[in-house]
Amino acid sequence: MNEKARLESDIAALRPWFHNLRIKGVQTAPDHFLGDYPSFKWAHFQQVVPEDLRGCSVLDVGCNAGFYSLEMKKRNAGRVVGIDSDPHYLRQAEFAARQTGEDIEFKLMSVYEVEKLKERFDLVLFMGVLYHLRHPLLALDLLHEHVVGGQMLFQCMQRGEEEVAALSENYDFFNTTIFEQRGFPKVYFMEGRYAGDPTNWFIPNKAAVEAMLRSAGFVIRANPEREVYLVEHGSRHPMAEPPPSLC
């Protein structure tokens with residue numbers, strides 16, 4: 001068996017892949033239902049990440065097979081740590097890093113355990129994770145409290161209106177019409193499945209994504225693509241208590 005055939009066999013043994021990586025010319029998920037994912041999505045917002053991350057530390061939360069971790073290494077990032085709660089995805093990520101010769105540290109860990117890292121990172125990636133979580137605001141609070149030292153690149157599936165309404169600071173108890181207003185923050189709860197996935201729990205509209213980020217203490221700096229935000233560590237909402245220690 002030649003080298004390419006061996007590589008193809010190893011990639012096949014690690015199926016199914018959700019990230020379509022290109023490892024020495026071989027694609028890991030060429031028939032992905034979303035297309036060339038996540039490369040085609042990355043192409044729309046990669047400009048908000050500096051081309052040279054030399055000296056920067058990066059944490060990739062919910063790293064899956066490591067697409068974004070590898071992209072950060074391509075931009076000369078220093079220490080890159082990828083965490084995921086799925087051992088299968090971590091095996092894929094470790095395989096991809098070995099094949100590409102990149103020094104990336106991968107850990108079996110959920111977002112609720114980030115306190116264990118005891119480190120703040122220059123850049124945190126939190127891409128495509130929030131809507132899979134039973135406790136999304138807790139996750140944002142924990143990231144703000146423990147690991148986001150500078151900026152966070154955030155992506156979340158959105159459904160519903162794309163408008164963002166201008167809201168007042170307070171509303172009367174008997175004013176119920178605001179909840180029907182287009183652009184009011186709304187989060188849809190999926191008790192069953194969405195797109196065949198039983199972990200698609202909470203799906204916000206655009207206004208809710210932005211409100212949740214602000215509430216957790218993040219300052220929105222850029223929205224380069226509909227679902228993607230670059231945010232900075234800021235001050236938490238005055239009525240949002242610090243998250244509990246879960247570790």
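**Aromatic pairs and salt bridges**

Phe 202 is partly exposed, with a relative accessible area of 23%. The value, like everything below, comes from a predicted model. Its ring partner, Phe 189, is also partly exposed, at a relative accessible area of 43%. The two sit between the cut-offs, since buried means under 20% and exposed over 50%.

Aromatic contacts come first. The structure holds 11 aromatic pairs. One of them joins Phe 189 to Phe 202 in a tilted arrangement, with 5.2 Å from centre to centre and 55° between the planes. Because Phe 189 belongs to strand β8 (residues 187-189) and Phe 202 to strand β9 (residues 202-204), the pair ties together parts that are 13 residues apart in sequence. Elsewhere, ring pairs gather Trp 42, Phe 45, Phe 67 and Tyr 68 into a cluster. An aromatic ring also meets a charge: the charged end of Arg 134 sits over the ring of Trp 201, at 4.4 Å from the ring centre.

On to the charged side chains, where the count is 16 salt bridges. One of these brings together the side chains of Arg 22 and Asp 36, at 2.9 Å from N to O. That pair links distant parts of the chain, with Arg 22 in strand β1 (residues 22-23) and Asp 36 in the loop between β2 (26-27) and α2 (39-42), 14 residues apart. Both ends are partly exposed: Arg 22 has 46% relative accessibility, and Asp 36 has 27%.

Another salt bridge is made by the side chains of Lys 41 and Glu 227, at 3.3 Å from N to O. Here the link runs from helix α2, home of Lys 41, to the loop between β10 (218-225) and β11 (228-233), which holds Glu 227, and the two residues are 186 apart in the chain. Lys 41 is buried, and Glu 227 is buried too.

Glu 145 and Arg 236 form a further bridge, their closest N and O atoms lying 2.8 Å apart. Distant parts of the chain are linked again: Glu 145 is in helix α5 (residues 136-146) and Arg 236 in the segment after β11, 91 residues apart. The two ends fall into separate exposure classes, as Glu 145 is partly exposed, with a relative accessible area of 29%, while Arg 236 counts as buried at 19% relative accessibility. Arg 236 gets that label because the cut-off for buried is under 20%.

Finally, some bridges are joined up: Arg 79, Glu 105, Lys 107 and Glu 119 are linked in a network of salt bridges.

Definitions and conventions: Residues are numbered from 1 along each chain as its sequence is written. This is a predicted model: local features need pLDDT of at least 70, side-chain atom pairs count only at pLDDT 80 or more; totals for chains, interfaces and linings use all residues. Side-chain values use heavy atoms; hydrogens and water are left out. Rings of Phe, Tyr and Trp (its six-membered ring) pair if their centres lie within 6.5 Å; planes under 30 degrees apart count as stacked, over 60 as edge-to-face and the rest as tilted. Helices (H or I, at least four residues) and strands (E, at least two) are DSSP runs, numbered from the N terminus. Buried means under 20% relative accessible area, exposed over 50%, partly exposed in between (1.4 Å probe, protein chains only). A charge sits over a ring if NZ of Lys or CZ of Arg is within 6 Å of the ring centre and within 35 degrees of the ring normal. A salt bridge is a side-chain nitrogen of Lys or Arg within 4 Å of a carboxyl oxygen of Asp or Glu.
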